[in-house]
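Hello,

Here is the structure I promised to pass on to you. Have a look at it first, and then read my notes below.

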Amino acid sequence: MKNPGRPLIFLCLCIWGIWSCRKEFGRPQWDIDGLAPIVTTSLDFDNILADSLLQENPDNSLTLVYNNNLYSFTADSLFEIPDTSIDTAYVWQFINPLILNPGDILIAGAPQNTVYNINGAQLRKVIIRSGYMKVEVKNEIREVCKVIYQIPLATKNSQPFSKLITIPAATTSGPSFFTDTFNLNGYTIDLTGPSGNGYNTVSYSITAYVDSAGAQTTVNQFDSVGITNSFLDMVPQYALGYFGQGIYASADTSAFTMFNRIVDGTLRVDSVNIKLNVINEAGIDARFNIGSLTSINSRTGSSVPLSHPVIGSTVNITRAFDAAGTVIPTIYSTALYRWNSNIIPMIENLPDKIGYSVNAEVNPLGNISGSNDFIYYGMGLKVNLDMEIPLSFAADRLTLVDTVDLDISAEAENVNSATLHLYANNGFPFETSVQLYLLDGNNAIVDSIMPAVNTIDEAPVDANNIVIQPKMTRLVIPLDANKLAVMKSTRKMMIKIKLNTANYPQYVKIYSSYKIDVQLVGDFNYHISAR
Amino acid sequence: MAISITTSAPDNVKPFPCLLFLLNLCLAAPALMAQDKDTSQYEAPFMEGELFADYFFNSSALTTEFVNTVYSGGYITADIKDRVTGKLRYSNRFGADLNYGAVFRCKPASFFGRNDIYWSAGFRDRLHLDGVFSQDLYKVALYGNKQFAGQSADLGNTRFNLLRFQQLQFGIVIQGDSAHGDYGFSFSLLKGEQNMALDVDRAILSTSADGTEIDLDLAMNMRRSDTASTGPRAFNGYGASFDLFYEIPYVTWYNYGTMRLDIFDLGLIRWNNRSMYLKHDSLYHYDGIEINDLNDLQNQTIPSGNADSVVNANFHYSREPYTTFLPAVFSISATTYYGKKFIFEKGISYRFNANCRPYYYANFSWFIRPAVMVSAIAAYGGYGNFNAGAELEARIFKNYMIHIDSYYLLGYLMPKKFCGQGITIGLSGKF
């Protein structure tokens, strides 16, 4: 027999070669016709509007609650602590040089006072919310120097403000410079000065000396150590004192977002209850005058000024009470009803802004508090509207528009064509027409989705306009390949809804039990690429 | 010099090459010597090696065209789907094998004092898959569920088995004589690479007429080897198997013949404790992704809300070892020799644990020349229906023998109409 070695090796190599060259399955593809539900939802008014905007009444009807802040007047309107810089210097004036030994005093550290000019306000105490002190030093002495900066009446956690700064020595080529900043957040600063009777006064002291661990050095004529410290960007968390007298007038508009999405149509409301509130959260006496309050619809250009006894009248409002850090505000409130004002036409104007003119006078009687005015950060004088609109209304072609992000590229990637079936079981007493517009990058409309027949029927109502039972509507939405291609490339969609209430102009009341069940079913041709 | 005749086995039945080769020897000797079976002289010592590769795919419904499109990653057109649909019954089956390897065979001058014994050693890489599926399952998967709107599709009675393993085989054959035929056995060590066994007892997919809801009543279980360990080097299980054969010579109408009994792949593989077991008996209901608030649409068009609800869930998942019995084959064949030129073989085989029906075949061989043989084959059953094939075997370069056959020529000639495809190639050489 021949040597089997070579044939055996050949056999093994062939086995290994074939074993290593396994072919994997390809990825077959085919198209199927599928029928499946896509989304399902049951929406009552709680789902359409945020929960916090709705309130259920004893008869299960709903009331829309809305708060709009018209005007506010805070501490920075009353006064502002300016940025201030203080310069301190030590200069050797004489011709004969001075020998300085380690530890020798350059600046003796006597108390200094700086008085701020704060727009007529006389502050006795502030708690700093944010701000800092900046120290800049120029040293011409050729030895390391130490500086102790102290503000005895600025405390934090019962510790007074004190900083030790080490200044590098000057060299033969020139002086040394040093800069640093120190955060003053949380410091309580007594601004009454050393006597305790002043105001707007910061007391401080600076001590400068040659470093004890240094060496003896010589100071020549005009050699100096200059220190500049600055108080910058000071924002008070709390201020106590007398804030002066003044009249602050403001005429502006405030955004009113309740009807933001309404772009057309008519809305008639059965009733509206509005409280106009003037809230004083500051420890100052004030006097208010609301010159005007106007409902402005920018889209139509229509304005409806408020007609009510409060317009043009002067309202006195006393100071708030500080209960150990808890502010108890003083509130003046007046109600606007349909029988004492034209509030209904103001609301039916569908405003997107409320225009106002307000005069606020602080401390009209002067410093009657003995310089005990106070104010906290973010608090002050405010004017707002608390609105309650019972959902009893009549709508005629009331059109709402919203824009949502649209990205179905992943989900619809393999959909060749589809017909969507929208099943809506409507339990609301209004019919709805829906149109969906596809937008390009410039928010221009490039296509629409819904067919011409796009109305969801209203639920039938009885003689009292109360829904008897829901009504089912089916909408068929064909999506051919071209439309799907546009949808896949679109990133924004505009939803336009048009409402018509039953038996317009009769009012229909919305109850918490009303809802609409919507289900979207897809009848699609889908491309499968299997693994 | 004996001519090596490799007779292709029936559907799914590929006896280990050594035994086959020996069968060939037994058959060849009579062919050379006027078909007189002279067992009194045993062959001289020799060594021989053989390379082989074979594959087949057969089905009662999946046409060759369909299978090729799937395998090559092509697009399955509506016509391709429809041609398969025309062949569907309530229950349909398919099966495939892919084997390749090599065997080394040796007949020493003396083997424990005997000169009638051959021994062999071989290596094979093996892939087997089989399955049963319902007509509705095919329609839902390939056409979609829209056609079943308002109805229920029965996706149950579905089974799928995929088995991939490597085999190291050792065997001996004791050569027979006129009184009794050859017989032999082999023992194999198995390395389990991959296994998946899926059994869907019940799967009812109900689609409402308007498409507003879909229900799935599912009862299934699946066992699967460690999915983190894949590829030829994966060692996910071990096992052993046996092959046996016995021949009985006979004479009919003055023509010699041999009846042969074969048992292949009688064995098992034990899969390791990283194997997965999944059991499901649940009722699912789906009526769309639930949107609770219109604000959900602000951030994403189709929110990832609650996609479905399980009405009743009985779900079990665990990692545990399990045992797979190999799809063993039991085969009976009768081969009759007509003179020097013609051989007629007929047989029946049955494969256990493989979703397979009995397989019937008839093979008529003709020696065109002493060194060249051609055969025509007709077969029915197994995983498919009727098919026909051909075989060619020839001696080349003095010591080498080449064998090529296919039992599924109809599948190649008319892939749109017939199911099944497969080829066997073997090359052996003596040294």
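**What I found**

Right after helix α4(B) comes Gly144(B), which has a positive phi near 100°. Helices here are DSSP runs of H or I with at least four residues, strands are runs of E with at least two, and both are numbered from the N terminus.

Before going on, a word on where the values come from. This is a predicted model, in which local features need pLDDT of at least 70 and side-chain atom pairs count only at pLDDT 80 or more, while totals for chains, interfaces and linings use all residues. Residues are numbered from 1 along each chain as its sequence is written, chains are lettered from A and ligands numbered from 1 in the order in which they are written, and side-chain values use heavy atoms, with hydrogens and water left out.

**Three helices of chain B**

Let me stay with α4(B). Its buried residues are Asp136(B), Tyr138(B), Lys139(B), Val140(B), Leu142(B) and Tyr143(B). Buried means under 20% relative accessible area, exposed means over 50%, and partly exposed is in between, using a 1.4 Å probe and protein chains only. What do the buried residues of α4(B) pack against? They pack against β1 (29-43) of chain A, and also against α2, α3, β3 (117-134), β4 and β6 (183-207) of chain B.

The axes of α3(B) and α4(B) are 11 Å apart, and the angle between these helices is about 175°. That makes α3(B) roughly antiparallel to α4(B). Axes are lines fitted to C-alpha atoms, for helices over the stretch in contact, and angles run from 0 to 180 degrees between N-to-C directions. Angles under 35 degrees count as roughly parallel, over 145 as roughly antiparallel, 65 to 115 as roughly perpendicular, and the rest as oblique. From α3(B), Ile80(B), Lys81(B), Asp82(B), Val84(B) and Thr85(B) meet Tyr138(B), Lys139(B), Leu142(B) and Tyr143(B) of α4(B).

Helix α3 (residues 78-85) of chain B also packs with helix α2 (residues 64-72) of chain B, at an angle of about 135° and with the axes 9 Å apart. That makes α2(B) oblique to α3(B). Glu65(B), Phe66(B) and Thr69(B) of α2(B) make the contact with Ile80(B), Arg83(B) and Val84(B) of α3(B); contact means heavy atoms within 4.5 Å.

In α2(B), the buried residues are Thr64(B), Glu65(B), Phe66(B), Val67(B) and Thr69(B). Their cover includes β1 (46-59), α3, α4 (135-143), α6 (409-413) and β21 (421-430) of chain B. Thr69(B) has a relative accessibility of 13%, so it counts as buried. Beyond its neighbours within four places in sequence, Thr69(B) is in contact with Pro28(A), Gly74(B), Tyr75(B), Ile76(B) and Ile80(B). After α2(B) comes Gly73(B), whose phi is positive, near 75°.

**Cores and cysteines**

Which residues touch the most other members of the largest nonpolar core? Among its 174 residues, they are Leu106(A), Phe231(A) and Phe288(A). A nonpolar core is a set of buried Ala, Val, Leu, Ile, Met, Phe, Trp, Tyr and Cys residues joined through side-chain atoms within 4.5 Å. Apart from the largest core lies another, of ten residues, including Phe56(B), Cys356(B), Tyr361(B) and Tyr408(B).

Over all chains there are zero disulfides, a disulfide being a pair of cysteine sulfur atoms within 2.5 Å. Why does Cys356(B) have no bond to the closest cysteine sulfur? That sulfur, in Cys419(B), is 14 Å from the sulfur of Cys356(B), which is too far for a bond. Cys356(B) is buried, with a relative accessible area of 10%.

**Some backbone details**

Most residues other than glycine have a negative phi, and most peptide bonds are trans. Asn157(B) is not a glycine, yet has a positive phi of about 50°. Asn157(B) sits in the loop between β4 (151-154) and β5 (158-174) of chain B and, at 28% relative accessibility, counts as partly exposed. Asn353(B) has a positive phi too, near 55°, and counts as exposed at 53% relative accessibility. In chain A, the peptide bond from Tyr504(A) to Pro505(A) is cis, with omega near 10°. Pro505(A) lies in the loop between β33 (492-501) and β34 (508-509) of chain A.

Happy exploring, and best wishes!
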